[in-house]
Amino acid sequence: MRIAIVAESFLPLMNGVTHSILRVLDHLQERGDDVLVIAPSTQDSVASEVVAGAFVHRVPAVPLAGYTNVRVAMGGVSRVKRILADYAPDVVHLASPFVLGWRAVQAAHQLGIPTVAIYQTEVPSYAARYGVPFLENWAWNRVENIHLMATRTLVPSTFALNQLRGRGILRVGMWRRGVDTGRFSPEKRDDGWRASVAPNGERIIGYVGRLAVEKQVEDLAALAGMPGTRLVIVGDGPQRSALEEALPDAVFTGFMGGEALARTVASFDLFVHPGEFETFCQTIQEAMASGVPVVATGRGGPLDLVENSRTGWLYEPGNLAAMRGHVEDLIGDDAKRRAFASAAHASVQGRTWPALSASLVRHYEDVIAGRPLAEPVETRPRRHPVVEPVETTPRRHPVVEPVETPSGASR
């Protein structure tokens, strides 16, 4: 088939949206499909015009204020409509649509081309985190308009599914994310790397992700002063300098990818993700595939990924004392941590990208043929009660007040 993928962000920017697109492109290339990627322009003069067999059509874009490596596409619906009309795809895939994707869904609708929209980023809830809460309602209106117009919307978690259904968007199905269990594996554990960052045999607490406001990495300051531990922050972004100042004892590695990332994640003793606005959280799944138990907020995508008292712990958003208590619980008990690690590894086996990409192609075929969603979808996440630990030792970290988010915001 002929597929146009409209990417809100794409290479050279690497994030969850780009990663998913790349894995899908690999699958479509193997199938022999004809694929066009429409993406914002880049300042990278060596950016490839062909990626995994797909031609990349760049549209004019400008950098986002305060986050210069993120570029926002300019222009109107007519520009995208001309591109789609010339290419004449069978289906348009909207990857995390918001700005460029809004124009694309209108253009495809006008041309009578079916669309599959992937809800992957909870953009409206970013507004409060970035200090512009008055934009949240406007952003939700944009999200609703896009997904009401799309032929079908796919979400990565039951939390996201309920979120959109609660806003009147009913043509919603589930499409989770795959994980490369060959690349992310306990066998990649690197004792040499561990010795380089924790020379005294400290237990390594790791985080992987963008260093941006919405990830709430500053909450990891609640782990300061925990005896016998070393905090390692993997990633880069606009908050790096501020976080290096706020977390002076942490090791900051910068951006990592490929085998280096796989070795690093497998070398953690525990993975902690403090972000409250994850529709899925691929890095949690990669940590679990690497045999690393997880402590994460009990909201959004982690509700589907982490099973309390089996593969990790979930804590109530904003309760940083609970986060610290759960970390102390696993760091201080080697046998429990190993049991959680084994269960975490087992829980993600079978979630391969080829299987997930094949499922996506079936959604393409459905909308092209005009078929409705054929299977019932989950409407409730697994219920893992958020268990608060009993505090056995005095806290040695300053009390950090939870960040308030607007009523009804979610991520």
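## Exercises on a predicted model

**Exercise 1. Determine which residues of the largest nonpolar core touch the most other members, and which elements supply that core.**

Solution. Step 1: among the 31 residues of the largest nonpolar core, Phe268, Phe271, Ile284 and Val294 touch the most other members. Such a core is a set of buried Ala, Val, Leu, Ile, Met, Phe, Trp, Tyr and Cys residues joined through side-chain atoms within 4.5 Å. Buried denotes under 20% relative accessible area, exposed over 50%, and partly exposed the range in between (1.4 Å probe, protein chains only).

Step 2: two or more residues each come from helix 7 (191-197), strand 11 (203-208), strand 12 (229-234), helix 9 (258-266), helix 10 (282-289), strand 15 (294-297) and helix 11 (302-305). Helices (H or I, at least four residues) and strands (E, at least two) are DSSP runs, numbered from the N terminus. Helix 10 gives the most to this core, namely four residues.

Step 3: leaving aside residues up to four places away in sequence, Ile284 touches Phe271, His273, Val294, Ala296, Pro302, Leu305 and Val306. Contact means heavy atoms within 4.5 Å. A second, separate core has 28 residues, including Ala7, Leu25, Val91 and Trp175.

The model is predicted: local features need pLDDT of at least 70 and side-chain atom pairs count only at pLDDT 80 or more, while totals for chains, interfaces and linings use all residues. Residues are numbered from 1 along each chain as its sequence is written, and side-chain values use heavy atoms, with hydrogens and water left out.

**Exercise 2. Establish the strand order of the eight-stranded open sheet and identify its edges.**

Solution. Step 1: the open sheet has the order 3-4-2-1-7-8-9-10, with mixed pairing. Two strands pair if DSSP finds at least two bridges between them. Strand 3 (50-51) and strand 10 (172-174) each have a single partner strand, so one side of each lacks a neighbour in the sheet.

Step 2: strand 9 (residues 152-155) and strand 10 run parallel and are joined by three bridges; Leu154 stands opposite Gly173 of strand 10.

Step 3: strand 7 and strand 8 also run parallel, with four bridges between them. The bridge partner of His93 in strand 8 is Val116. From strand 8 (residues 115-118), Thr115 and Ala117 point one way and Val116 and Ile118 the other, and all are buried.

**Exercise 3. Describe the surroundings of Leu94.**

Solution. Step 1: Leu94 lies in strand 7 and is buried, at 0% relative accessibility.

Step 2: the C-alpha atoms of Leu94 and Val116 are separated by 6.1 Å, although these residues are 22 residues apart along the chain.

Step 3: beyond four places in sequence, Leu94 touches Val6, Gly101, Ala104, Val105, Thr115, Val116, Ala117 and Ile118.

**Exercise 4. Locate the cis peptide bond and the positive phi values at Ser96 and Cys281.**

Solution. Step 1: the background is that most residues other than glycine have a negative phi, and most peptide bonds are trans.

Step 2: a cis peptide bond, with omega about 10°, joins Leu11 and Pro12. Pro12 belongs to the loop between strand 1 (2-7) and helix 1 (16-31).

Step 3: Ser96 has a positive phi of about 50°. Ser96 is in the loop between strand 7 (91-95) and helix 3 (100-111) and is buried, with a relative accessible area of 10%.

Step 4: phi of Cys281 is near 90°. Cys281 occupies the loop between strand 14 (270-273) and helix 10, and is buried with a relative accessible area of 4%.

**Exercise 5. Check the span of helix 5 (residues 136-149).**

Solution. Step 1: the expected span is 1.5 Å times one less than the number of residues. For the 14 residues of helix 5 this gives 20 Å, and the end C-alpha atoms are 20 Å apart, which agrees.

Step 2: the buried residues of helix 5 are Glu136, Ala139, Trp140, Arg142, Val143, Glu144, Ile146 and His147.

**Exercise 6. State where pLDDT stays under 50.**

Solution. Step 1: pLDDT is the predictor's confidence in each residue, from 0 to 100. The protein chain averages 89, and 88% of the residues score at least 70.

Step 2: pLDDT stays under 50 over residues 381-385, with 15 contacts beyond four places in sequence, and over residues 387-411, with 53 such contacts. Where pLDDT is low, the predicted coordinates should not be read in detail.
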